Amino acid sequence: YGSTRPERILAEVKSKATRGDARSVVDTIDQYCRHQEWAMNVGDEKGTILDSIVCEVKPRAMLELGTYCGYSAVRIASLLPPNSRLITMEFNPVFAAIARQVIAWAGVEDKVVLIEGPSGDWIPKMKKEFGLTSFDLVFLDHWKDCYLPDTKLMEECGLLRTGSILVADNVICPGAPDYLEYVRGSPRYESKYFRSHLEYTRVEDGIEKSVFLG
Ligand SMILES: O=C(NCCCCc1cc2cnccc2s1)c1cc(-c2ccc(F)cc2)cc(O)c1O
Ligand SMILES: [Mg+2]
């Protein structure tokens, strides 16, 4: 059904998930990707770790790099306090178009702003475009070799404040070794590794939570 994997995921959501129910959208995607075809969502196991951090931080302004089908955007948005905003960035217009529909089906579109394009272009203009001072929480889930340069760019653009938290997916698989070395070695970050598994598999992966100390 549908020519691309994201289209098949959207079809599954429309046929199986309850409209307006973010939880059922998340569960439907997890079921499909665990039992029908694997897809690179953060998934249920790592998603639970992400949920606990979002609930602890209660971010007013949150950034997600790497939307894909919108699975984590829906997961995050369903936990955000009122008048909080998730800005999620996707490079691939086909994925972005699918994600918009998944986000709408889940009924969280009023908490999510989806922007399209490469992070390197967007990060320097986000303050002005969105009237932001800084992000309380950033979820890195885009090109793994962009985690480090984009983190440095966010520092330079003043998008991080003392206490801003970075949460990075896939620090083991596919891996982001230069990023890990940076946040774990820098006196400007307090970093913690949450051991888990690659979504829907038994392969080791994990999430790195790093607090920016300013
Ligand atoms: O590549 C991954 N995610 C990034 C997609 C990059 C698209 C974007 C670039 C870009 C640039 N600027 C702005 C926005 C964006 S969005 C990824 C891959 C695996 C994986 C794949 C095969 C495998 F065998 C084992 C793991 C697992 C994961 O959880 C992933 O997240
Ligand atoms: Mg990922």
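Donors are N, O and S atoms within 2.8 Å of the metal (3.2 Å for Na, K and Ca), and because water is not among the atoms, sites may look incomplete. In this predicted model, local features need pLDDT of at least 70 and side-chain atom pairs count only at pLDDT 80 or more, whereas totals for chains, interfaces and linings use all residues. Residues are numbered from 1 along each chain as its sequence is written, chains are lettered from A and ligands numbered from 1 in the order in which they are written, and side-chain values use heavy atoms, with hydrogens and water left out.

The magnesium ion (ligand 2) has as its protein donors Asp141 (OD), Asp169 (OD) and Asn170 (OD1), at 2.0 to 2.2 Å. Along the sequence these donor residues follow the spacing D-x27-D-N. Asp141 belongs to the loop between E4 and H8, and Asp169 to the loop between E5 and helix H9 (171-175), so that distant parts of the chain, 28 residues apart, are linked; here helices (H or I, at least four residues) and strands (E, at least two) are DSSP runs, numbered from the N terminus. Both Asp141 and Asp169 are buried, a term that means under 20% relative accessible area, with exposed over 50% and partly exposed in between (1.4 Å probe, protein chains only).

The strands come next. An open sheet of 7 strands has the order E3-E2-E1-E4-E5-E7-E6, with mixed pairing; two strands pair if DSSP finds at least two bridges between them. E3 and strand E6 (189-197) stand at the edges with a single partner strand each, so one side of each has no neighbour in the sheet. On average, neighbouring strands are turned by 15 degrees against each other, direction ignored. Strand E1 (residues 61-65) pairs with E4 in the parallel sense over 4 bridges, and Glu64 stands opposite Phe139 in E4.

Two helices that pack on this sheet may be followed in turn. H3 touches E1, E4, E5, E6 and strand E7 (204-212), and its direction makes about 145 degrees with that of E6. Helix H8 (residues 147-156) also touches E1, E4, E5, E6 and E7, its direction making about 165 degrees with that of E5. Contact means heavy atoms within 4.5 Å, while axes are lines fitted to C-alpha atoms, for helices over the stretch in contact, and angles run from 0 to 180 degrees between N-to-C directions.

A nonpolar core is a set of buried Ala, Val, Leu, Ile, Met, Phe, Trp, Tyr and Cys residues joined through side-chain atoms within 4.5 Å. The largest one has 44 residues, and Val25, Ile29, Val74, Ile76, Ile103, Val108 and Val167 have the most contacts inside it. Its largest share, 8 residues, comes from H5. A second, separate core of 29 residues includes Leu132, Leu159, Leu180 and Tyr182.

The structure holds 16 salt bridges, each a side-chain nitrogen of Lys or Arg within 4 Å of a carboxyl oxygen of Asp or Glu. One of them joins Asp51 and Arg75 (2.8 Å, N to O). Asp51 lies in helix H3 and Arg75 in helix H4, so this pair ties together parts that are 24 residues apart in sequence. Asp51 and Arg75 are both buried. Returning to the metal-binding residues, Lys144 forms a salt bridge with Asp141, with the closest N and O atoms 3.3 Å apart, and Lys144 is buried. Salt bridges that share partners join Asp169 with Lys46, Glu199 and Asp205 into one network.
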